[in-house]
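Biologist: I would like a close look at one part of this protein, the surroundings of the ligand. Please start from the residues there and work outward through the strands and helices that hold them.

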Amino acid sequence: MPWTGACWGRRRPTSPSSSAFPWRRSRPWRYRPTACRASATTSSSPKEQKLDWVDLLFLATRPAQERSLDLWPTKPSTFRDTLDKYTTELASVAEQLFRFMAKDLGVDQEALLGTFKGLPQCVRINYYPPCRQAGKVLGLSPHTDGVGMTLLLHANDVQGLQIRKDGEWFSVHALPGALVVNIGDVLEILTNGKYRSIEHRAVVNPDKERITIAAFHSVHLPCTIGPFQELGDARYKTVDGLDFTKGYFAAKLEGRRYLESLKL
Ligand SMILES: O=C(O)CCC(=O)C(=O)O
């Protein structure tokens, strides 16, 4: 996403053992985002209120000059180098996927890639502690991603991702080591709805901790986001990239609500 800097967030009321994330020991709540999903979500009625049960680390990774290295953990000592290498590889994967999609759709590859010039990227490392009352919490509330494409890795092979289709939630069984590709709102608009942004959420395991790494590939600003003309009559408004981003965050990540508001 076009977020810069980094963010330390806690989206649940209490914290379990910090063994899985050593940086949490030395750095409590630290927060320096330009935009970040780090607050508890609220439903319309306080009785139904659910807090997101996740500790997260959010880092801008590309372009390199947007990295707030002072907020990048130094422990373990391999962290920075590994994240650098991993996210560089992921950017190549994302680029290839954008190319395949352009070919599949019959649109100009360079035009599609131009929207994602330089492959701006942010990473969100999610740590979902086990919760005995897993039915009472969500790891992540339902949302779509306000980017082109998200590549999600299940870092410890514990499942919990769910997607919504025709109003029903389905569990995604990620293969060990495989990347889950989530289409984001921007790609849905660019492709005039041919590729659909997936509404998703994360549920929590009662016994096991879960760790995922989401890499968001966002637009290059400034830009204009609108359907490719060759994909038929526009079914979405054309919007300025920055306005889109502001609108996305203002809509408070409520499922597909913001995207639906951009439909013609
Ligand atoms: O951890 C997951 O399964 C989903 C992560 C996600 O959707 C996100 O970080 O935005």
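Modeller: What follows goes from the ligand shell to the strands behind it, then to the core and to one loop. The model is predicted, and every value below is computed from it.

The protein has 264 residues, of which 35% count as buried. Its secondary structure comprises six helices and 13 strands. Among contacts with a separation of 6 or more, 76% are between residues 24 or more positions apart.

Which residues surround the ligand? They are R124, N126, L140, L152, G160, L161, H200, A202, T212 and A214. Sorted by class, this shell has five nonpolar, four polar and one charged residues. Strand 4, strand 10 and strand 11 each contribute at least two residues to the shell. These three strands are a sensible place to continue.

Take strand 4 to begin with. Strand 4 spans residues 121–128, and seven of its eight residues are buried. On one hand, strand 4 pairs with strand 3 (residues 55–62) in the antiparallel sense, over seven bridges. Within that pairing, L57 has I125 of strand 4 as its bridge partner. On the other hand, strand 4 is joined to strand 11 (residues 210–217) by eight bridges, and these two strands also run antiparallel. There, Q121 stands opposite H217 of strand 11. Strand 4 thus has bridges to strand 3 and to strand 11, while strand 11 is also among the strands that supply the ligand shell. A general point is useful when reading the shell residues R124 and N126. In a regular strand, side chains alternate between the two faces of the sheet.

Strand 10 belongs to a separate description, that of an open sheet. Four strands form this sheet in the order 5-10-7-8, with antiparallel pairing. Strand 5 (140–143) and strand 8 (168–171) are at the edges; each has a single partner strand, so one side of each lacks a neighbour in the sheet. From one strand to the next the twist averages 25 degrees.

Which residues stand opposite H200 of strand 10? H143 is one, in the pairing of strand 5 with strand 10, which is antiparallel over two bridges. I163 is the other, in the pairing of strand 7 (residues 161–165) with strand 10, which is antiparallel over three bridges. H200 itself is one of the residues around the ligand. Farther along the sheet, four bridges join strand 7 to strand 8, again running antiparallel, and Q162 stands opposite S171 of strand 8. Strand 7 and strand 8 form a hairpin with two residues between them. In that turn, D166 has a positive phi of about 50 degrees.

Now the core. The largest nonpolar core has 46 residues, and A94 and V186 have the most contacts inside it. At least two residues of this core come from each of strand 3, helix 2 (79–105), strand 4, strand 6 (149–154), helix 4, strand 11, helix 5 (241–250) and helix 6 (257–261). Strand 4 and strand 11 therefore appear both in the list for this core and in the list for the ligand shell. In soluble globular proteins, nonpolar side chains tend to be buried together. Outside its own stretch of sequence, A94 touches L119, M149, L151 and H217. H217 is the residue that Q121 stands opposite.

The last stop is the loop that leads into strand 10. S197 lies in this loop, between helix 4 (185–190) and strand 10 (200–202). Is S197 buried or exposed? S197 is buried, because 25 other C-beta atoms lie within 10 Å, and 20 or more is the cut-off for burial. Leaving out residues up to four places away in sequence, S197 touches T144, I183, G184, D185, L187, E188, R256 and L259. The C-alpha atoms of S197 and V186 are separated by 8.0 Å, with the two residues eleven apart along the chain.

E188, in helix 4, is buried too, because 24 other C-beta atoms lie within 10 Å. With the same exclusion of sequence neighbours, E188 touches I183, G193, Y195, R196, S197 and L259. Y236 is 48 residues away from E188 in sequence and 9.1 Å away in space, C-alpha to C-alpha.

Note on methods
Residues are numbered from 1 along each chain as its sequence is written. This is a predicted model: local features need pLDDT of at least 70, side-chain atom pairs count only at pLDDT 80 or more; totals for chains, interfaces and linings use all residues. A residue is buried if 20 or more other C-beta atoms lie within 10 Å of its own, exposed if 12 or fewer, and partly exposed in between; C-beta atoms are placed from the backbone. Two residues are in contact if their C-beta atoms, placed from the backbone, lie within 7 Å. Two strands pair if DSSP finds at least two bridges between them. A residue is near a molecule or strand if its C-beta atom, placed from the backbone, lies within 6 Å of it. Ala, Val, Leu, Ile, Met, Phe, Trp, Tyr, Cys and Pro count as nonpolar, Asp, Glu, Lys and Arg as charged, and the others, Gly among them, as polar. A nonpolar core is a set of buried Ala, Val, Leu, Ile, Met, Phe, Trp, Tyr and Cys residues joined through C-beta atoms within 7 Å. Axes are lines fitted to C-alpha atoms, for helices over the stretch in contact, and angles run from 0 to 180 degrees between N-to-C directions.
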